[in-house]
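Trainee: I've got a structure to learn my way around, and I keep tripping over the terms. Can we go through it together?

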Amino acid sequence: MANVVVVGAQWGDEGKGKITDLLSKSADVVVRYQGGVNAGHTVVVKDQTLKLHLIPSGILYPETECIIGTGTVIDPKVLLEEIDQLEALSVSINNLMIAETAHLTMPYHRMIDLASEERRGSHRIGTTGRGIGPTYADKSERTGLRVLDLLDADQLAAKVEWAIAYKNVLLEKFYNLKPLDPEPIIQEYLGYADRLRPHVVDGSLRIYKAIREKRNILFEGAQGTLLDLDHGTYPYVTSSNPVAGGACVGAGVGPTMIDRVIGVAKAYTTRVGEGPFPTELLDETGERLGDRGAEFGTTTGRPRRCGWFDAVIGRYAVRINGLDCVAITKLDVLDELDEIKVCVAYNIDGDRCEDFPSNALHFARCQPIYETLPGWKQSTSHCRSLEDLPAAALNYLKFLAEIMSVPIAIVSLGAERNQTIIVEDPIHGPKRALLYHNGSDVPPTLS
């Protein structure tokens, strides 16, 4: 039995959907522990592309229980659209469960999100406009609505009426928007309640019972470490905690119940939205990475900014999350490059910095210090073992493992499930290093 957290080790969009789908095969329960419809993951199965925002990708395995945890914020309309999409493909949603204490995204949250971002002007954050920040703000302000409120018509009506009376003042006086009528919203959400009611459970209790039964549980985060509200590149962050510690809060379990943490990182780096990005490539190479990697946001369709792999961020993700191992995705995107650069440190006003700076002003001034490795100039998409990889590709992976001081357990070389090298089974395998530049089973010490 193993309880495993999968977390993004960069700015999100690292390919967690595929890795979660891959690991879900060995999991009895998959739990989504934070975020909302601002996140998304794409899973490709038998030439069928599925874009999911709230439902864990473990739903594709009929015997796997999928729980949307209390730390998420749920837009019922989008959730039902995903359910309809899955049912149209004959994917059963019988094992889908929704924590009754998860908060609801309401129409006024989306309105405030868009209006607030517009008002920021040149200081905009680059939100998805899906109402996530305002939903979490109401949660913190203790004025939010939760899934359990959907199940009581009188309670829902009373809470929506009060909330809209409160929000209308903000919409009219501050944002110059038309006020909302509560009645259509009440009826809309009561309609959602009819369909969602069979899936609503006490999420924490359900997860705890599964742990007591010694079942394999996979905790799935959205976004990535550098978008964490507390530990990311603030203020250009999300409104929740994608880091591994957020799994305990968002799922409702204690930290002693987590056995292993797996980080997911691309073989290069991408970022959506605003904010500093030291290794960003504003040239032909950056465009090639974007084109070959199909770098467009699952949720917004916005093109992702592309750059070289940033090992400073990688080491930070190892530290903040306590990563036991890493999955490297999209290695094949680098196949055509003559040479590949890795950022090993930053130059900040003439000083070398090997640790991620917590000061946002310092981070904005970071200039990357690179080491250059040779490319392999041949396809890797067919490789299914480390021995199949070109020597330069294997050396690149070993370099990343050494510079971040973390083992690489999985290598992804395409969108399909079988385009994967399993160096170590992160759920059932031994908790030790298997891919290091120095060939050791002990993480190397960085000088």
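**Reading the sheet and its neighbours**

Mentor: Sure. This is a predicted model, and it has an open sheet of 10 strands with mixed pairing, in the order β9-β7-β5-β2-β10-β1-β11-β15-β19-β20.

Trainee: What makes β9 and β20 the edge strands?

Mentor: Each of them, β9 and β20 (420–422), pairs on one side only.

Trainee: How do you know that β7 and β9 count as a pair?

Mentor: Pairing needs at least two bridges. β7 and β9 (residues 200–201) have two bridges, in the parallel sense, and A99 stands opposite V201 in β9.

Trainee: What about β7 and β5?

Mentor: β5 (residues 65–68) and β7 are joined over three bridges, again parallel. There, I68 has I98 as its bridge partner.

Trainee: And at the other edge, which way do β19 and β20 run?

Mentor: β19 (residues 408–412) and β20 run antiparallel, with three bridges between them. S412 stands opposite T420.

Trainee: Which way do the side chains of β7 point?

Mentor: L96 and I98 point one way from β7 (residues 96–99), M97 and A99 the other way, and all are buried. In a regular strand, side chains alternate between the two faces of the sheet.

Trainee: What lies across β15 and β19?

Mentor: Helix α13 (residues 391–404) does, and α13 runs at about 140° to β19.

Trainee: Now the rings. Why is the pair of W376 and Y396 called tilted?

Mentor: There are nine aromatic pairs in the structure. In this one the ring centres are 5.9 Å apart and the planes are at 50°. The centres have to lie within 6.5 Å, and planes under 30 degrees apart would be stacked while those over 60 would be edge-to-face. The angle of 50° is neither, so W376 and Y396 are tilted.

Trainee: What does that pair tie together?

Mentor: W376 sits in the loop between β18 (367–374) and α13, and Y396 in helix α13, so the pair ties together parts 20 residues apart in sequence.

Trainee: Why are W376 and Y396 called buried?

Mentor: Buried means under 20% relative accessible area. W376 has 6% and Y396 has 1%, so both names fit the cut-off.

Trainee: Which residues form one aromatic cluster?

Mentor: W11, F277, Y316, Y346, F356 and F363. Y346 belongs to strand β16 (residues 339–348), and at 0% relative accessibility Y346 counts as buried.

Trainee: How do you know that R119 lies over the ring of F174?

Mentor: R119 is 4.2 Å from the ring centre and lies over the face of F174. The distance limit is 6 Å, so 4.2 Å passes.

Trainee: K167 and R304 are charged-looking names to me. Are they buried or exposed?

Mentor: K167, in helix α6 (residues 153–174), has 8% relative accessibility and counts as buried. K167 touches Y108, I112 and D138, leaving aside residues up to four places away in sequence. R304 has a relative accessible area of 11%, so R304 is buried as well.

Trainee: Where is R304, and what does the record say?

Mentor: R304 is in the loop between α10 (284–292) and β13 (305–307). An unreviewed UniProt entry places a "binding site" feature at T298, T299, T300, G301, R302, P303 and R304.

Conventions: Residues are numbered from 1 along each chain as its sequence is written. This is a predicted model: local features need pLDDT of at least 70, side-chain atom pairs count only at pLDDT 80 or more; totals for chains, interfaces and linings use all residues. Side-chain values use heavy atoms; hydrogens and water are left out. Buried means under 20% relative accessible area, exposed over 50%, partly exposed in between (1.4 Å probe, protein chains only). Helices (H or I, at least four residues) and strands (E, at least two) are DSSP runs, numbered from the N terminus. Contact means heavy atoms within 4.5 Å. Axes are lines fitted to C-alpha atoms, for helices over the stretch in contact, and angles run from 0 to 180 degrees between N-to-C directions. Rings of Phe, Tyr and Trp (its six-membered ring) pair if their centres lie within 6.5 Å; planes under 30 degrees apart count as stacked, over 60 as edge-to-face and the rest as tilted. A charge sits over a ring if NZ of Lys or CZ of Arg is within 6 Å of the ring centre and within 35 degrees of the ring normal. UniProt positions are given in the numbering used here, feature names are shortened, and annotations may be inferred rather than shown by experiment.
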